[in-house]
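Me: I'd like a close look at a single part here: whatever nonpolar core there is to find. Set the scene briefly, then stay with that part.

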Amino acid sequence: MLSVPPQYPNKAPEISIRNPRGLSDEQIQKISQTLRSVAEARLGTEVLYELIEKGKEILTDNNIPHGQCVICLYGFQEREAFTKTQCYHYFHSHCLARYAQHMEEEILMQQEEREQHLEPSPRQEVGVQCPVCRETLVYDLCALKAAPAPQQPLELYRPDAKTLQHQEELRLIFKRQQEKGGIIDPEAERNRYFISLQAPPAAVDPRQAASEPLSAEMAVLRWTCQSLRQDPWETKCCVPAGRVFVLHLSG
């Protein structure tokens with residue numbers, strides 16, 4: 001019980017413990033001494049909220065926090081390492097270490113990007129904020145990283161009846177669109193265009209046509225095939241005089 005005198009906060013509140021249950025005399029005396037020490041150390045400032053939280057912390061020292069870790073979204077289990085921040089929020093120590101390390105890297109990366117586009121300026125200290133209330137955290141990253149990972153239960157995903165029904169409806173829609181040609185098959189699209197050769201008509205200049213090597217014709221044909229695969233409508237084919245390539249486009 002806290003009794004606030006008229007001179008508060010210049011005078012410490014009176015602290016008394018009434019109707020204790022499950023506490024020994026030594027524990028009661030230790031709690032009273034701890035709370036009085038906090039009140040005397042914060043004399044001149046508003047300390048009631050801190051005294052209440054300190055009392056709750058002492059009474060629940062051997063208990064686990066209620067609720068979930070907002071980083072991993074799992075609850076706290078027995079014998080798991082957790083951390084309470086100065087803003088009175090609880091996290092798994094392992095989760096808080098991963099979060100703090102990731103945020104430090106993000107902040108440093110943003111500072112480097114700003115320095116590349118703006119004039120260099122003195123670097124500010126990395127300040128990681130609480131993921132709940134955005135207050136700047138004070139932590140020991142090495143100690144947090146040494147904590148074991150939380151015992152998260154393995155949950156297998158099992159779709160419910162509504163999800164299975166929706167999947168079946170989508171499968172039928174896909175099949176119907178595929179039968180009507182509404183689904184584009186990349187492999188079939190690549191094979192839509194083919195090239196056939198027909199016997200060329202009489203050459204305009206037989207001597208010039210005879211002087212053209214066959215390898216040049218094959219080179220033009222190969223280039224035409226490759227161009228048609230990329231964009232058949234913009235392909236321009238230049239063939240030697242006296243040689244005619246007839247291109248048939250299907251589809």
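**Into the core**

Reply: Let's start from the outside: the protein chain has an accessible surface of about 19500 Å², and carbon and sulfur atoms own 52% of it (Shrake-Rupley areas with a 1.4 Å probe; for residues, only the protein chains shown count as cover). Keep in mind that this is a predicted model, where local features need pLDDT of at least 70 and side-chain atom pairs count only at pLDDT 80 or more, while totals for chains, interfaces and linings use all residues. Residues are numbered from 1 along each chain as its sequence is written, and side-chain values use heavy atoms, with hydrogens and water left out.

The chain has 251 residues, and 19% of them are buried (under 20% relative accessible area; exposed is over 50%, partly exposed in between, with a 1.4 Å probe and protein chains only). Eight helices and four strands make up its elements, in the order β-β-α-α-β-β-α-α-α-α-α-α from the N terminus. Those are DSSP runs numbered from the N terminus: H or I of at least four residues for helices, E of at least two for strands.

Now the part you asked about. A nonpolar core here is a set of buried Ala, Val, Leu, Ile, Met, Phe, Trp, Tyr and Cys residues joined through side-chain atoms within 4.5 Å. The largest one has 15 residues, and Cys 69, Phe 91, Leu 96, Cys 130 and Leu 137 touch the most other members. Helix 3 and helix 4 (141–145) are the elements that give two or more residues to this core, and helix 3 gives the most, with five.

Zoom in on Cys 69. Beyond residues up to four places away in sequence, Cys 69 touches Tyr 74, Phe 76, Tyr 90, Phe 91, His 92 and Cys 95 (contact means heavy atoms within 4.5 Å). Apart from the largest core lies another one, of nine residues, including Ile 15, Ile 31, Val 38 and Ala 39.

Back on helix 3, which spans residues 93–117, have a look at Gln 101. Gln 101 is partly exposed, at 30% relative accessible area. Outside its neighbours within four places in sequence, Gln 101 makes contact with Leu 141 and Lys 145. Leu 141 is 40 residues away from Gln 101 in sequence, yet the C-alpha atoms are 7.6 Å apart. On the scale of the chain, 54% of contacts with a separation of 6 or more link residues 24 or more positions apart.
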